[in-house]
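Welcome, and thanks for having your viewer ready. Let's walk through this model one selection at a time.

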Amino acid sequence: MIQTSGVIICLGYIIGLLFTAIPWGGAWILILGIVGAIFFRRRYVISRKLAQKPDKPGGKTKTVLNTWQTIPHARIWLAAGLVGLLATFYFQWRVPQPGAKDISQFVPPGNTNNQEQLVIVRGEVASNPRLTRSQRGQFWLEATQIDEVKNEKGSAGVPKGVTGKLYVTVPILQATGLYPSQQIAVTGILYKPKAASNPGSFDFQKFLKQEGTFAGLIGRQINILEQERKWGWWQIRERIVRSQVRSLGIPEGSLVSAMVLGSKAVDLPYGIRDLFVQAGLAHALAASGFQTSLILSVILQLTKRTKKGMQFTLGFLALIIFLSLTGFQPAVLRAVIMGFAALIGLLLKRKVKQLGSLLLAATLLLLFNPLWIWDLGFQLSFLATLGLVVTVPPIIDRLGWLPPAIASLIAVPLAATIWTLPVQLFVFGVVPTYSLLLNVLSTPLISIISIGGIISAIAALIWTEAGSFSAGLLHYPTDWLIKLVEFFSNLPGNSVAVGSISSWQLLAIYGLIILVWLVAWWQRRWWFAGVIAVSLVIIPLWHSANTLFRITILESGTEPIIVVQDKGTVTLINSGDEGTGRFTVLPFLQQQGVNQINWAIATDFQGNESNSWLELIQRLPIKNFYEYSPKPENSIAIQAIQEQLQKHQGSYQPLAVGQAVQTGSIVAQLINEELPILQLQILDQNWLLVGNIKSQEVQQLVKNGSLPRPQVLWCAPQSLKNLVLALQPKVAIASAANFDEKTLSELNQSQTKLFFTGRDGAIQWSPNREFEAFIEASENQSSVL
């Protein structure tokens, strides 16, 4: 049990880490500590009356008088402020930074698309290989040496000693058979990861930095330097997974293994992973408190006739083994620490308060790694557990008219959702519509699969065939669970994009949740707090949707992808390839709270037969779809798009040259038949999108007067110089990372403002603001935070 003073000190440390997100956060937490010390300069003693509920209707209510609670001394509040201040310094001290010999310091500056320097990196494999979405093998490598390749026969340089960890991807066959602690040499191309270049997109640079990594390696060939296998927990993990997959196959076997060991320890197919995440069942794939409590329950039940010391020892060993198998994930560490607290309480014959053990677990883990305070898995794990501890009992009380088992079945996912949904809205901006109902219906299946999976894992360690046999008994529950998730995922409106909420909305909603938790007045009016919380999300979304006019040119390579948000209506021009649609367009639209595309225009600037329109239509309904393609014989893709449009009552129309398409406040028109040129009339501005055409063709078009002079120009990099000098636009945007100084000097003389999406990221414009680069805006925001 943590005393009140200890609680305040722990909260001071955690809040201090949270205050690293605001300017002078350490000073603010210290000021709060001083204010607390001044306000509570005397030790107040509060008397409370605790009332018990009557045993039966009409019975007398018993009261317990003179229950005393002491507010901590002023020095405790001051100490908490100082601890919070020190926490901010400790956080900055633990932020990973590349050392002088870090492998990232040796990334050749000439690694561009035109010139790529091959290197040989030697080191030790630090993880089991996994399959990426692009069907390549991926693993972590602890680098020890680097050598530059001078020619095709090999390396002529002198190996240099290096340190640091690399994110390595190789062809899948090259990664087959690799295992941790193996010594290898990888020939490939070193690169530095890029930060997010579009709003809502994945920040690869930030992800690697959280792992203490600052460079990646695109491997082409692997040479094994050491064949001897060293023992590791990965062998036990691999034995369990193989045993379960042998009888259940894929994806059922991988799913059972993930529900026992966690998805981070198992190479779960992305199709199943995405299905569960979109349906709101991502927690089922994360080994955490459920598995921990299940293991402890089994151990304590089997050893109930033994001494407390034996129960403690066996429970302790079981938790350590489980923690080692799952790979020391933050959620599992939290659950294991709370399990240790329960075992200590059992040994000392004292009741352990769950809230106190949760706070202790959070403090210990953040002392071990303060950077976890911004880890999404860590945040969701603790918030969900906090909800189970403080919110489940009152919900069950209000559901007293239901059988206890059903009331608990509803209360657990509801409490977890209440505490985690604000963070999910802040990060993703999407609400899985049927998540609560799906959680209630799937809990029995998840329980059966988890219990059976743990039994199967134990059996596999003793005898592989026994593990496979017991795993085979889980075929029907696992198959039913997958079909249940697929059914809910295919229902109309299975997810609603409300847009990413702001920081003030997040804090206000959690403030309301805490008031309902701690204050009796709000507890009696919980529905009122719920209405306010929903209003805090819906009203700003409604106001933004009905007043916002903004154009976003996404960074997408060589094809212009433009999103026009026009007071509630959305126009999307082009969608890029499949990867661009999934990881760039969809995340941006979700972050903006877009649930429908009113107009879509596909111009096929690059002649790509494989694009992401089909996937976009499956996720977001499109009302009006216009397509211009120089290859009309490619009818298979068109037919598939037309079928999806019919499901959502959308219309398909081919786009002809010279045809004007009115989309809200925008008029779009193709002005050239042979070369991809799209003209946009946006309010009082003329925009021109020029595809990948040759310089002589540009000169001919300008000479013939075929190109109108625009205020805003988008074009391919090779056409930028000629078009800018000829058309003199106010703003020019090219899909490139940089240009040579000579070309830039000539372009700057034209007084045209230049943007390069490869360097600046997405470009946004609204009538009352100038053009803004996403990366520059993000850097300015980061400098403030």
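A helix here is a DSSP run of H or I with at least four residues, numbered from the N terminus. With that in hand, select Ser 468, whose place is in helix α17, residues 464-472. Keep in mind throughout that this is a predicted model.

**First stop: Ser 468**

Is Ser 468 buried or exposed? Its relative accessible area is 8%, and because buried means under 20%, Ser 468 counts as buried. Now show what touches it: apart from neighbours within four places in sequence, Ser 468 is in contact with Ser 243, Arg 246 and Ser 247.

**Zoom out to the whole chain**

Show the full protein chain as a cartoon and you have 29 helices and 27 strands on screen. Of the 785 residues, 46% are buried. Switch to a surface view next: the accessible surface comes to about 40200 Å², and carbon and sulfur atoms hold 60% of it. Among contacts between residues at least 6 apart in sequence, 66% join residues at least 24 apart.

**Into the cores**

In soluble globular proteins, nonpolar side chains tend to be buried together. To see this chain's version, select Leu 255, Leu 261, Phe 276, Leu 366 and Leu 481, the residues with the most contacts inside the largest nonpolar core, which has 86 residues. Helix α11, residues 330-348, provides the largest share of this core, with 7 residues. A second, separate core has 29 residues, and you can find it by selecting Tyr 628, Ile 682, Trp 687 and Trp 765, which are among them.

Return to Leu 261 and display its surroundings. Leaving aside neighbours within four places in sequence, its contacts are Arg 237, Ile 240, Val 241, Val 266, Ala 287, Leu 325, Thr 326 and Gln 329.

Step along to Gly 262, in the loop between α7 (252-261) and α8. How accessible is Gly 262? Its relative accessibility is 0%, so Gly 262 counts as buried. Draw a distance from Gly 262 to Ala 286: the two are 24 residues apart in sequence, with their C-alpha atoms 4.4 Å apart. Beyond its neighbours within four places, Gly 262 is in contact with Ser 257, Leu 285, Ala 286, Ala 287 and Gln 329.

**Two long-range pairs**

Select Tyr 90 in helix α3, residues 74-94. Its C-alpha atom is 8.7 Å from that of Leu 17, although 73 residues separate the two along the chain. Outside its neighbours within four places in sequence, Tyr 90 is in contact with Tyr 13, Leu 366, Leu 367, Phe 368 and Pro 370. You have already met Leu 366, one of the best-connected residues of the largest nonpolar core.

For the other pair, pick Leu 190 in strand β9, residues 183-191. Leu 190 has 0% relative accessibility and therefore counts as buried. Leu 118 is 72 residues away in sequence, but the C-alpha atoms of Leu 190 and Leu 118 are 7.6 Å apart.

**A pocket and a cavity**

Where is the centre of the second largest pocket? Select Ile 418, Ile 513, Val 516, Trp 526 and Gly 530, which lie nearest to it among 33 lining residues. The pocket holds about 1200 Å³ of space. Colour α14 (392-398), α15 (404-427), α19 (503-518), α20 (520-524) and α21 (526-547), each of which supplies at least two lining residues. Of the lining, α21 gives the most, with 8 residues. By class, the lining has 26 nonpolar, 4 polar and 3 charged residues.

There are also 3 cavities of 30 Å³ or more. The second largest of these has a volume of about 40 Å³. To frame it, select its lining: Gln 278, Ala 279, Pro 432, Tyr 434, Ser 435, Leu 438, Phe 488, Ser 489 and Asn 494. Helices α8 (270-279), α16 (435-462) and α18 (475-489) each supply at least two of these residues. The lining has 5 nonpolar, 4 polar and no charged residues.

**Last stop: the backbone**

Most residues other than glycine have a negative phi, and most peptide bonds are trans. Select Ile 250 and Pro 251: the peptide bond between them is cis, with omega near 15 degrees. Pro 251 lies in the loop between α6 (233-248) and α7.

Next, go to Gln 135 in the loop between β4 (130-131) and β5 (136-151). Its phi is positive, near 60 degrees. Finish at Gln 728, in the loop between α26 (717-727) and β24 (731-734). Here phi is also positive, at about 50 degrees, and Gln 728 is partly exposed, with a relative accessible area of 28%.

Terms used
Residues are numbered from 1 along each chain as its sequence is written. This is a predicted model: local features need pLDDT of at least 70, side-chain atom pairs count only at pLDDT 80 or more; totals for chains, interfaces and linings use all residues. Side-chain values use heavy atoms; hydrogens and water are left out. On a 1 Å grid over the protein atoms alone, a cavity is a set of points where a 1.4 Å probe fits but cannot get out, and a pocket is an open set with protein on both sides within 12 Å along at least five of seven lines; lining residues have an atom within 4 Å of a point. Grid points are joined across faces, edges and corners, and a volume is the space filled by probe spheres set on the points. Ala, Val, Leu, Ile, Met, Phe, Trp, Tyr, Cys and Pro count as nonpolar, Asp, Glu, Lys and Arg as charged, and the others, Gly among them, as polar. A nonpolar core is a set of buried Ala, Val, Leu, Ile, Met, Phe, Trp, Tyr and Cys residues joined through side-chain atoms within 4.5 Å. Buried means under 20% relative accessible area, exposed over 50%, partly exposed in between (1.4 Å probe, protein chains only). Contact means heavy atoms within 4.5 Å. Accessible areas come from the Shrake-Rupley method with a 1.4 Å probe; for residues, only the protein chains shown count as cover.
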